[in-house]
Amino acid sequence: MAAGFAKAGNQLYTGERSYPFVQRSNLWFLIAAVLVVAAIALPFLRGGFNFGIEFTGGSEFTVSQTENTDISIGEDVVQDISGQEATVTHIAETTIRVQTEQLDEEETLEVGRGLQEGYGVGADQVSSTFIGPVWGEHVSQQMLIGLAVFLVLVALYMALYFRTWKMSAAALAGLAFVVVVTVGIYSATGFEVTPSAIIGFLTILSYALYDTMVVFDKIRENLTPLHEQRDQTFTERVNLAINQTLVRSINTSVVGILPVGSILFIGAWLLGAGTLRDIALALFTGIIVGTIATIFVQAPLYARMRRGDADIREHTEDVLQLRPDRLQEAGIAQVTASGTPLDAHGRPVAFPPLPEPEEEDEEQEVEILDWDVVLSGDTPESSGEDQR
Amino acid sequence: MAASTPVRRARAALIVLFLLLIGMGGGLAYGVQQGQAQWAPLLALDLEGGTQMVLSPQVETDEQIDDDQLNQAVEIIRQRVDGTGVAEAEIAVQGAENVVVGLPGVPDEETRQLIQASAAMEFRPVLEVRQDAAYAEQIMMQDLAEDPDLTDEDRELIEEQIEAMQEDEEFDEDEEALPEDFDEPAGEPEHNSDLNWITPELAADFHNYQCTRELALEEREAQDPEAPLITCNPETGDVLLLGPVDVDGDYIDDASWGTETRQDGTPTGAYETRIQFDSTGTELFRESSTRLYGYEQGSPQNRFGIVLDGQVIVAPNMLAPITDGNPRITGDYTDDEARNLAEQLRYGSLPISFQIESEQQISATLGADQLRMGLLAGIIGLILTAGYAVFQYRSLALMVTIPSLVVNALITWWAISLLGWTDGYRLSLAGIAGLILSIGLTADSFVVYFERVKDELREGRSLAGAVEAGWQRARRTILASKAVNIIAAVVLYMVAVGNVRGFAFTLGLTALIDVILVFLFTHPLMQVLARRRFFASGRTFSGLSAKELGVDVLYKGAGRFARRHIMHPDPGVAAAAQPGPEPAAVSRAQDVPDIPEEEWAKMTIAERRKAREQRRRSAEGDEDEQSAQESVTAASSPSPTQEGGDR
């Protein structure tokens, strides 16, 4: 199967096999919009997010490695000491979690002792967390600052690196999609929103952008010689880039998901709620959504943003105008979405040469550009040219 | 031989990596041998058990707390906690203004209050002074021992002396003074500097007082602003008997420091600390300084003590009555000393207490559980990732990805242990999550790189050539995308508070290590392997066989590939596919091999282009009928049309 995967990779690379990511972008955008709406609506339907005590304030006790997992013991202990209703959950095989509303320090210590007696465990098996009422607000505020700083830095960085703000804008728009959908999925699972989860969401931003960088870098590479040829349109070239990096995208998300999945598994099933599970769930969904978003949202969005530019439009018209004659001349049956011509048997062939140019000037210009690329594509490291 | 260049580079890179590994491992081994470091990373409280408190500063007024004041508060908490004898307490400012205190075990009520309580600053007149000789000597010797100019031998000698002195102390002790030894005061005290404050009990206590850096909370709380106070300056060993409070630190408006000047305005070369009192403070200090100035210069009663958190930080003489509320403290200070004093005074002007925002007590059992589970998750993640890599890339994964992951793990482990040694860095559960996530990101560098190499192979290059050309492109992509990761990690680290901070830290650290490793290990390894017959000739399971590449490759012997179809005439690809000292010529020679070089040079651009097109057309015409091998032959056979080029 790996071989089949690689063969597909090869065909995607040449453009012989091609998925119309850019061409069908209306459909993708529609689906994306539906997802976004669903992701926004879902938390409302569920009655808001399930915020953890880090945001609501309160006390939490964890009794680990206990033989006795009777929930009522915990409820009684809290009732006796503070007169409050406690939420007691059996979060993992031998772990009990007791959540209460705000207790003062005295009560916190007392409940801790009560739980030790009730469950018959030692002092080293009861952990407690106390969260003040304003802590969650504080965390959210810090995270919003982080989010703003990160977005500004990354937007600048991408705009500088790609020398076009449109890539930067497309990438960030896609990020919004990733975050909204991931948050929606997270809320659908009913997991608690904790600072760990928020850290996870912020990490997704980085991961999603990381993935986008790789694909955009390939787009950049494919577009560099765009104007020196009349075979493929801008759209086809962008689509080719997405197809060419498709195998990488899949492999990347798989190698990204495997370790995160193992944290999620361990965190959710063996350890119960906590740092690991929350970070891992946010990352798990985020990696998948991020990879999909790069392919279906960010890259097509960039293509849409650039497509209207005067130089691109001119070039596209040029290519499409020349194409029918050329296809006929070479017996090309169709051109794939990635701009690779196929013959009647579905085998890839080359484009026939351009019709003889009438003007010598234009021809020269094209040729010189061609040479430029040849020369600049060379770097010192690759000069060890022994292979040929 | 030209071939040696990449190999030489590869070897150099691997040697650098080897030296790096030796350096890190050796450094750590040295630390372990010295008993200062340990091989295993230090563990944070959520893995080891203990209590972590996140505190937020509280002030009574609306004033803003600045960084210096917060740092000063942290310094005071640190001294207090150290004073309780709690080992390994960690106190740090995190995020914008949170203070995170980590303590092993469960702190008692007293420690809790010590951490939260604000520290008061007071100006009290001095009544009597005495030296705690034994303590002072000890301080002096300790300072001496820390002198960096000393040789180890001298230092040992001094340390021995200090030990001897500490043992001696019990013998050396003066006889316990008793209240009966002192006279009753002559009358009721009339002002704060009045010696009538000194009762026989007080005098005896003063005489018996032993200076110590650590002050118990009860002693601190017992201090009454309306009553005399016995305390000491732990820096000098002076024991002071102080009158009631003259001026409260709250009345300090600001404090600064600068160069000390003489009357005529020339600098003395020393530094001074300046205090600005507010209007009430000015009034009170005028009163106090006038009274103190009335006593003989140099006598105890001429001095006043500035008390911070129960201990004297400085006790200067009053050289003049200060009426404008702007006293200056001089005394041959260095800039550091003057600044430090100014910071303490500024803190004193705004006593900060702390509110516990969140507190987490992790039992040792839960900590051990979490550590075990974290490690288990890591191992499973590592195995799954390695397994997938082998599935996708066969022996290349075995030879490159897995060793890369192993070396990466080794460096990360050592880096964390070294940071634990040098900076007290502790690995938290979130940190472990960051490490596990980074397995995927590390493996991805390889995926990006290797997919590029495959692309180059599809362009019909030899493996060695594909590795070089693929690297040119992959390097750029890897650096660009890792930069995003590092930006994210740094930003997260700056804003996060508490355990989650560890996540950002390990994420950034591993991204950095990954970049280093891709350059120093993964790529060099590929360069070397590319020259191995097993890979270069595309054997089964090499991850590069025709079947696995899914490409119609044909072997031109000696590990060279050629493509049957050239269906992607992309100048960019052609550029990358033609590195070399004369890429244009090489590409020319390949496209139209049947035209001699001299002849080509004479042709016009239009003619050349025409020749290329004709050549290409004739090659394509042959393709369908001929086998791959034949098409290569055809490519080198002269074609009559090209001979017709104008000369």
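**Helix α3 of chain B**

I began with helix α3 (residues 67–83) of chain B in this predicted model. I found that helix α3 lies across four strands of chain B, namely β2 (50–58), β3, β4 (98–103) and β14 (353–362). Relative to β3(B), helix α3 runs at about 165°.

**The sheet shared by chains A and B**

I next traced the sheet to which these strands belong. I recorded an open sheet of eight strands in the order β2(A)-β3(A)-β1(A)-β4(A)-β14(B)-β2(B)-β4(B)-β3(B), and the pairing is antiparallel. Which strands stand at the edges? They are β2 (87–92) of chain A and β3 (90–94) of chain B; each has a single partner strand, so one side of each is left without a neighbour in the sheet. I noted an average twist of 20° from one strand to the next.

Within the chain A part, I looked up the pairing of β1 (residues 58–63) with β4 (residues 126–131). These two strands of chain A are antiparallel and share six bridges. I located A:Ser59 opposite A:Phe130 in β4(A). As a general reminder, strands of a sheet pair through backbone hydrogen bonds.

**Strand β7 of chain B**

I then turned to strand β7 (residues 238–242) of chain B. Is this strand enclosed or open to its surroundings? Five of its five residues are buried, so β7(B) is largely enclosed by the rest of the structure. I checked both faces: B:Asp238, B:Leu240 and B:Leu242 are buried on one side, and B:Val239 and B:Leu241 are buried on the other.

I listed the partners of this strand as well. Strand β5 (residues 121–131) of chain B runs antiparallel to β7(B) and is joined to it by five bridges. In β5(B), I found B:Val126 opposite B:Leu242 of β7(B). Strand β6 (residues 229–233) of chain B also pairs with β7(B) in the antiparallel sense, over five bridges. Here B:Thr231 stands opposite B:Leu240. The hairpin of β6(B) and β7(B) has four residues between the strands, and I noted that B:Gly237 takes a positive phi near 85° in this hairpin.

**A contact between the chains: A:Leu258 and B:Thr385**

I examined A:Leu258, which belongs to helix α10 (residues 246–270) of chain A. Its relative accessibility is 21%, and therefore A:Leu258 counts as partly exposed, since buried requires a value under 20%. From chain B, A:Leu258 touches B:Gly381, B:Leu384, B:Thr385 and B:Tyr388. I also noted a C-alpha to C-alpha separation of 9.0 Å between A:Leu258 and A:Phe284, which are 26 residues apart in sequence.

On the other side of this contact, B:Thr385 lies in helix α11 (residues 364–423) of chain B. Is B:Thr385 buried or exposed? It is buried, with a relative accessible area of 0%. I listed its contacts as A:Val255, A:Leu258 and A:Pro259 from chain A, together with B:Ile439 and B:Ala443 from chain B.

**Confidence**

I closed with the scores: the model has ipTM 0.79 and pTM 0.70. Chain B averages a pLDDT of 76, with 76% of the residues scoring at least 70. In chain B, I found the highest confidence in helix α14 (residues 500–529), at 89, and the lowest in helix α21 (residues 628–636), at a mean of 38. Over residues 551–589 of chain B the pLDDT stays under 50, and the model has 109 contacts beyond four places in sequence for this stretch. Residues 621–647 of chain B are also below 50, with 30 contacts beyond near neighbours in sequence. Where pLDDT is low, the predicted coordinates should not be read in detail.

Notes:
Residues numbered from 1 in each chain as written. Chains lettered and ligands numbered in written order. Predicted model: local features only at pLDDT ≥ 70, side-chain atom pairs only at ≥ 80, totals over all residues. Heavy atoms only, no water. Buried < 20%, exposed > 50% of the residue type's maximum accessible area, 1.4 Å probe, protein only. Contact = heavy atoms within 4.5 Å. Pairing = 2+ DSSP bridges. Axes fitted to C-alpha atoms, helices over the stretch in contact; angles between N-to-C directions. pLDDT = per-residue confidence, 0-100.
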